[in-house]
Amino acid sequence: LATAAEASANEAQMAAAFGSTVISRYPDGGWVKHWFERGGGYSAEFSDGRRIRGRWEVEGNRLCLNGITPSIMLIRRFCAPMVEVRQGQTWASRDPLGRRVQNELMMGR
């Protein structure tokens with residue numbers, strides 16, 4: 001478990017995401033909206049209406065989602081490289097199945 005200082009540092013790294021939406025867009029038009037909460041809460045909604053919940057944690061230079069429920073394709077944990085972005089910025093990455101996505105940090109929920 002993270003110490004109070006580590007938890008505070010992790011939240012500082014994630015501060016831009018609190019109160020914002022990270023949207024992952026797929027080439028086929030599908031999307032996933034991700035929401036990160038102070039204290040480690042995580043939730044997401046897919047373009048087909050599915051919803052998931054879990055916990056986020058910074059592990060080294062990676063952002064990890066743990067305890068994802070319901071599990072997606074038997075995936076209950078997923079880690080991706082941390083990126084530093086500001087509102088409106090985009091970056092490319094991959095989803096838990098290795099598919100390419102374009103992410104954007106958007107203001108508001």
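In which sense do strands S1 and S8 pair, and over how many bridges?

## S1 and its partners

This is a predicted model, so keep that in mind as you look around. Strand S1 covers residues 20-25, and strand S8 covers residues 100-107. The two pair in the antiparallel sense, over six bridges. For a spot to click on, try Ile23, which stands opposite Glu104 in S8.

S1 also pairs with strand S2 (residues 31-36), again in the antiparallel sense, this time over four bridges. Here Ser24 is a handy marker: its opposite number in S2 is Val32. There are five residues between the strands in the S1 and S2 hairpin, and Gly29 takes a positive phi near 100 degrees there.

## How enclosed is S1?

Is S1 largely enclosed or not, and why? Five of its six residues are buried, so the rest of the structure largely encloses this strand.

## A look at Leu105

Over in S8 sits Leu105. Its relative accessibility is 3%, and because buried means under 20%, Leu105 counts as buried.

What does Leu105 touch, once neighbours within four places in sequence are left aside? Its contacts include Ser20, Thr21 and Val22, and Ala16 and Ala17 are also among them. Another run of contacts takes in Val85, Arg86, Gln87, Gly88 and Gln89, and Trp91 is on the list too.

Ser20 is worth picking out. Along the chain, Ser20 and Leu105 are 85 residues apart, yet their C-alpha atoms are separated by 6.9 Å.

Key. Residues numbered from 1 in each chain as written. Predicted model: local features only at pLDDT ≥ 70, side-chain atom pairs only at ≥ 80, totals over all residues. Heavy atoms only, no water. Buried < 20%, exposed > 50% of the residue type's maximum accessible area, 1.4 Å probe, protein only. Pairing = 2+ DSSP bridges. Contact = heavy atoms within 4.5 Å.
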